[in-house]
Amino acid sequence: MNGTRKSIWISIDDEGLTQAIQTILAQEDFNIKIVEDENHLQTELKTTKPDLLLLDIHFFENNGVCMLKELKKNRPTSDIPVMVLSEELDRKVCSRLEVDECLAKPFDIELFLRKVNDLTQSSN
Amino acid sequence: MPRYSKLDKQTATVLERISDSFLVLDNKDLVVFLNKQAEKVFTTPRNNLIGKNIFSLYPGLKKTKTYSLYQKAQKTGKAQQIEEYFPTFNLWFRVSIYPSSDETSIYLHNLSKHKRSEKEREETLKLLNAIIDTAPIGFVLYDKKLTYRRVNKWLSEINNVPINKHIGKKPVEIVPSAGSKIQKNVKKVFTSGKQITSIEFSGKSNSNEDARYWQSSYFPIFSSQKEVMAVGAFVRDVTQRKKAEIQLKKREQEFRQLLQSTDQGIYGIDRKGNCTFINQAAADMIGVSYKQVIGKNMHRIVHHSTSKREPYPAEKCPIIHALTKNEGARVADEVFWKKDGSFFPVEYSSYPIIEDGKTVGAVVTFNDITKRKEYEEALRVSETRFKALFNANIIGVSIENAEGKVLEANDAFLNILGYTRQDMHEGLVNWKEATPPEYKRLTEKMLKRLIEKGINESYEKEYIRKDGTRIPVVVGNAVLDHKKKEGISFVLDITDQKEAEKRKDEFIGMASHELKNPITTIKAYAQFLQRYLQDYGDQDAVDYLSKMDKQIDRLTGLITELLDVTKINTGKLQLYKKMFNLDEVVEDAIENVRITAKKHRIIKLGKSRAMVEADRDRLSQVMINLLTNAIKYSPQSKKVIVKTTRKNGTITVAVQDFGIGIPKNRQKKIFERFYRINNQQSRGLSNLGLGLYIAREIIKLHKGKIWVESVEGKGATFYFTLPVAG
């Protein structure tokens, strides 16, 4: 990594997985922030912006989708790169919600890191 | 002896003894003398005649020629003679009249015998000729040359040749088809002198096309020298009779054949109840041969006892009543006995045969109704069962017409639809109207199939209840009456089952979802550690982690399958269709599998060179499933063949292995959910049994077909088809 450390915000509603991703990304020298829910996200966004937002979308629930919609709706946040982690590779949803990358669980770490790097690079 | 005449005693004595009648009349026609014979002629005692005028006593005599000759003889004094019939006496006489000066002697020689036979002969001849000419029988006379001498009108008509054209001709010339036979017979009579009676022969008369039949009798006609001088023949055209006989015989034969060919047992009895005929069916049923029963008493053979093995007296038997009371009967609850001592239930009818107003016997027809009794019993049992089912109200049962109107139903059915019995009687319950719009098409399809096949396998649908709520049901139906278009339906409320299914699907979905996060976490750590330890050069640890990672992938695969099934069952399996070349997917899948399948060589044959509009990932999933199965179930083999062909807008992909194969009876089942081939060879090859089910559903969603052809022990070939895009 050169220059400033890239910041990645993570909003995943599974604690174990959040920790694992945090561990891996920290090892890769990313600056990690855990975002609890939509309110938390909105609060944080008032002061700063991440280089990448990692979101968890449920097949059976709508949590992440609402958060994503809100994010993409508003001008200053709409250009934040978003990577969605889902049980399903729901490409229709991904393209409709204008997410930048979509990965199905469980994913390959190599692939995951490559995508993360690609997205954080492009955010500059 | 009266003496009035001058005849002396001696002469009178002589005259008394002669066989002729003799009388003497005086000039006044008074009887002077008459002998005994004359007395007989006049049938009057002599004393009553003597001295009487004979012509006064027998005035009829004056009308005879003899009387006038008598007068002539007296006048002329010359003897007169005449042969004359005397109606007064009904006798013929040769009368000789000898006049003298005061007396006239009259001899009467009785010619009656002679005259009568002559007259009779004449009359007979006349009669014979009349008969010959007019009798409705052909008559012919042949001479020694075997030619026709005389032919009557009837024969001419029989032969269809005029009478005169017969004369001098031989039969072969007149009746070519039968002539030689006729001549042979005539010749035989000429040589033997014996008559031949009633010979029948057939032939064709000249102009007639149909075969004709004649009956002839030939008889010799002898000369006074006892030689056969001619042969006569009577010929009768018996064609009509013969044809009738042939017809009758044919009828009889047909009738017999009919008797033999029917499955119904038929036998006849005479007045004593003894068998006069029996058909094969009857003999078979009774277990006897024709010979064993003919002439025997049938009651004793087949009807001696009741089904309770109690004696059955003949006087109570309806069959015998046909004979004794002239009554027909139809009985359906008795038994007939077999020769082997067993019996069988029969339905029989017995009717008297009446000839000229008298009962001469009876005909008995019968059927072994063992099978029918069995059916009746089975029907009774099934009716009882049905009633039990109907009344048990475990399942809804309804009887309805083609318009959907429910005519009869049990409580369970009415409860399902939420109607009352009163509603039903008022005609308010109609299953067609209770069918929601989205089920109309399915229902119409099932109704059509019901009419075609008479029965429908059960299918799931919903009904709208009286209160407007919906209820999921399984419906099975059958036609009750094709004419009336009535059917019976069995309806099962599956609300609970549906709920349970929904919960199960939701559970599977949730469980899979919940499993995904920990697995992703484990996988992330495992791979992270792998990277980390690689950097430290701990190769053993890296290898262990790699193995762990593979198991995680396997676990992921199983969870994905469960999720797919959940989606299929909830109708949420969606396709993301794109246009692409199917060959690419096939090649990618082969590449994908090749990495892990090191032992097998995957041979690719053919190319579709066709675009499909499909979900690439899902088709890839199908291909990988088929390929991994092929490898998994052919551990002893070294190759798998993938063949792609295209024909008429359809692409077929075949994946062939040379492994353990699939028994015929399981080839369809392997596409069912959770089905696993469980045999010696497949043991240890674990999976959930969902792969082929998912593959089938994916191909179905692509409007394709999937199937397998296999010979056990020789391998299996899985095929799937897809329509070419556009």
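Let's start with the aromatic rings: over all chains there are 26 aromatic pairs. To count, rings of Phe, Tyr and Trp (for Trp, its six-membered ring) need centres within 6.5 Å, and planes under 30 degrees apart are called stacked, over 60 edge-to-face, and the rest tilted. One of these pairs is B:Phe22 with B:Tyr107, a tilted pair with 4.7 Å from centre to centre and 40 degrees between the planes. The two rings join distant parts of the chain, with B:Phe22 sitting in strand β1 (residues 21-26) of chain B and B:Tyr107 in strand β5 (residues 103-110) of chain B, 85 residues apart. Helices (H or I, at least four residues) and strands (E, at least two) are DSSP runs here, numbered from the N terminus.

Before going on, keep in mind that this is a predicted model, where local features need pLDDT of at least 70 and side-chain atom pairs count only at pLDDT 80 or more, while totals for chains, interfaces and linings use all residues. Residues are numbered from 1 along each chain as its sequence is written, chains are lettered from A and ligands numbered from 1 in the order in which they are written, and side-chain values use heavy atoms, leaving out hydrogens and water.

Back to our ring pair: is B:Phe22 buried or exposed? B:Phe22 counts as buried, at 2% relative accessibility, because buried means under 20% relative accessible area, with exposed being over 50% and partly exposed in between (1.4 Å probe, protein chains only). Its partner B:Tyr107 is partly exposed, with a relative accessible area of 28%. Elsewhere in chain B, ring pairs also link B:Phe42, B:Tyr58, B:Phe86, B:Phe89 and B:Phe93 into a cluster.

Now for charges. Side chains of opposite charge can pair when their charged atoms come close. The rule for a salt bridge is a side-chain nitrogen of Lys or Arg within 4 Å of a carboxyl oxygen of Asp or Glu, and the count over all chains is 35 salt bridges. Take B:Arg46 and B:Glu39, whose side chains meet in one of them at 3.6 Å, N to O. B:Arg46 is buried, with a relative accessible area of 11%, whereas B:Glu39 counts as partly exposed at 23%.

A nice residue to linger on is B:Glu347, found in strand β14 (residues 343-355) of chain B. B:Glu347 is buried, with a relative accessible area of 18%. Which residue forms a salt bridge with B:Glu347? That would be B:Arg330, with the closest N and O atoms 3.8 Å apart. B:Arg330 belongs to strand β13 (residues 329-337) of chain B, so this pair ties together parts that are 17 residues apart in sequence. B:Arg330 itself is exposed, with a relative accessible area of 59%. The side chain of B:Glu347 also makes a polar contact with the side chain of B:Arg372, at 3.3 Å. A polar contact is a pair of N or O atoms within 3.5 Å; within protein, one must be able to donate a hydrogen and the other to accept it, and residues adjacent in sequence count only if both atoms are side-chain atoms. Also, B:Glu347 and B:Ile369 are 22 residues apart in sequence, yet 6.6 Å apart in space, C-alpha to C-alpha.

Another salt bridge joins the side chains of B:Glu438 and B:Arg470, at 2.4 Å from N to O. B:Glu438 lies in the loop between α18 (421-425) and α19 (440-453) of chain B and B:Arg470 in strand β19 (residues 470-481) of chain B, so the pair ties together parts 32 residues apart in sequence. Salt bridges can form networks too, as with B:Glu200, B:Arg241, B:Lys242 and B:Glu245.

Finally, look at where the two chains meet. The contact (heavy atoms within 4.5 Å) takes 25 residues from chain A and 21 residues from chain B. About 2,400 Å² is buried between chain A and chain B, with carbon and sulfur atoms giving 61% of that area. Buried area is the accessible area (1.4 Å probe) that two parts lose on being put together, summed over both. There are 2 salt bridges between chain A and chain B. One links B:Arg531 with A:Glu28, whose closest N and O atoms are 2.8 Å apart.
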